[in-house]
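Student: Let's go through this one label by label. I'd like to hear the reasoning behind each term.

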Amino acid sequence: TKREKVVDKFLEASECETLIDAMPEQWKDLTRFLILSGLRIGEALALNESDIDLVNREITVNKTLDLVNGIVTDTKTLASTRVIDMQPELYALSRAVLASNRRKRKILYIHGAYMFFDLTGSRAPYDAFRKCLRENSERVLGRKITPHTLRHTHASLLAESGFDYEEIARRLGHEDSRITKE
């Protein structure tokens, strides 16, 4: 039914914690980051560390990873190019990820600028994350979810917290709030 389809599009707050706890260590930060930021998976994987401004507590979204061709391109729409203010949880996570990245790069002797990367310094692989997310969500939540479900979750959590649709639409990079409401 339509109601069942809507319910499957997002996670409740308690389900978020259950899922994050179940994810392997290498995917916990990306999972949490997607829930807290509302970024599309391609936007998150295209992020460089220079896109994270800890001083002003902002994330600049100005590119996306084309998941089909494996190349970085412009954002999906003009409205998708945006600056996101970091709430305290996202700020703390971003600080921790950047600090962890410095340690990993030093230990592994790798150079690079990606916010999320693998053990070779290459961009974190989308297919591996998607597969892990699907398998772990099915195991601990009883249903398969996609990375886009985490974006819907972010929007739902904001709406539940009292943000209006216009604010949520701007944060998600939607051209108008009609898309957000749908």
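Tutor: Start with rings: those of Phe, Tyr and Trp count as a pair if their centres lie within 6.5 Å. Keep in mind that this is a predicted model. By that test the structure holds 2 aromatic pairs.

Student: What makes the pair of W27 and F129 tilted?

Tutor: The ring centres are 5.3 Å apart, so W27 and F129 pass the 6.5 Å test. Their planes meet at 55°. Stacked needs under 30 degrees and edge-to-face needs over 60, so 55° leaves tilted.

Student: Why can you say that W27 and F129 tie together separate parts of the chain?

Tutor: W27 lies in helix 3 (residues 25-37) and F129 in helix 6 (residues 126-141), so the pair joins parts that are 102 residues apart in sequence. As for burial, both W27 and F129 are buried.

Student: And the other pair, F33 with F116: why is that one called edge-to-face?

Tutor: The angle between the planes of F33 and F116 is 65°, and over 60 degrees counts as edge-to-face. Centre to centre, the two rings are 5.2 Å apart. This pair also links distant parts of the chain, with F33 in helix 3 and F116 in the loop between helix 5 and helix 6, 83 residues apart. Both F33 and F116 are buried.

Student: How do you know that the charged end of R57 sits over the ring of Y91?

Tutor: The distance test asks for CZ of Arg within 6 Å of the ring centre, along with an angle limit of 35 degrees from the ring normal. The charged end of R57 is 3.6 Å from the centre of the Y91 ring and is listed as sitting over it. The charged end of K104 likewise sits over the ring of F117, 5.5 Å from its centre.

Student: On to charges. What makes R143 and E15 a salt bridge?

Tutor: The closest N and O atoms of R143 and E15 are 3.0 Å apart, and the cut-off is 4 Å. R143 lies in the loop between helix 6 and helix 7 (147-160), while E15 is in helix 2, so the bridge ties together parts 128 residues apart in sequence. By the salt-bridge rule the count comes to 9.

Student: Why are R143 and E15 called buried or exposed?

Tutor: Buried means under 20% relative accessible area. R143 has 15%, so R143 is buried. E15 has 17%, so E15 counts as buried too.

Student: What about R40 and E43: how do you know that they form a salt bridge?

Tutor: Their closest N and O atoms are 2.7 Å apart, against the 4 Å limit. R40 is at 13% relative accessibility and counts as buried, and E43 is buried at 1%. R40 and E43 also belong to a network of salt bridges with R82.

Student: Which parts of the chain does the salt bridge of E49 and R105 tie together?

Tutor: E49 lies in the loop between helix 4 (41-46) and strand 1 (52-53), and R105 in helix 5, so the bridge connects parts 56 residues apart in sequence. The closest N and O atoms of E49 and R105 are 2.6 Å apart. R105 is buried, with a relative accessible area of 13%.

Student: Why is K9 called partly exposed?

Tutor: K9 has 41% relative accessibility. Partly exposed is the range between 20% and 50%, so K9 falls in it. K9 lies in the loop between helix 1 (2-7) and helix 2 (13-22). From K9 to R151 is 9.2 Å, C-alpha to C-alpha, although they are 142 residues apart in sequence.

Student: What makes I107, L108 and L119 a nonpolar patch?

Tutor: Patch members need over 30% relative accessible area, and nonpolar side chains are joined within 5 Å. Take L108, which is found in helix 5 (residues 88-108): its value is 33%, so L108 clears that bar and counts as partly exposed. Together, I107, L108 and L119 have about 330 Å² of accessible area.

Student: Last one: how do you know that the chain is as compact as a globular protein of its length?

Tutor: Its radius of gyration is 16 Å, close to the 16 Å that the globule rule gives for 182 residues, so the description holds. The chain comes to 9 helices and 5 strands, and buried residues make up 43% of the 182.

Methods
Residues numbered from 1 in each chain as written. Predicted model: local features only at pLDDT ≥ 70, side-chain atom pairs only at ≥ 80, totals over all residues. Heavy atoms only, no water. Patch = residues over 30% accessible without salt bridge, like charges linked within 9 Å, V, L, I, M, F, W, Y side chains within 5 Å. Areas by Shrake-Rupley, 256 points an atom, 1.4 Å probe, with all protein chains shown as cover. Salt bridge = Lys/Arg side-chain N within 4 Å of Asp/Glu carboxyl O. Helix = DSSP H or I, 4+ residues; strand = E, 2+ residues; numbered from the N terminus. Buried < 20%, exposed > 50% of the residue type's maximum accessible area, 1.4 Å probe, protein only. Phe/Tyr/Trp six-rings, centres within 6.5 Å; stacked < 30°, edge-to-face > 60°. Rg over C-alpha atoms; globule rule 2.2 N^0.38 Å.
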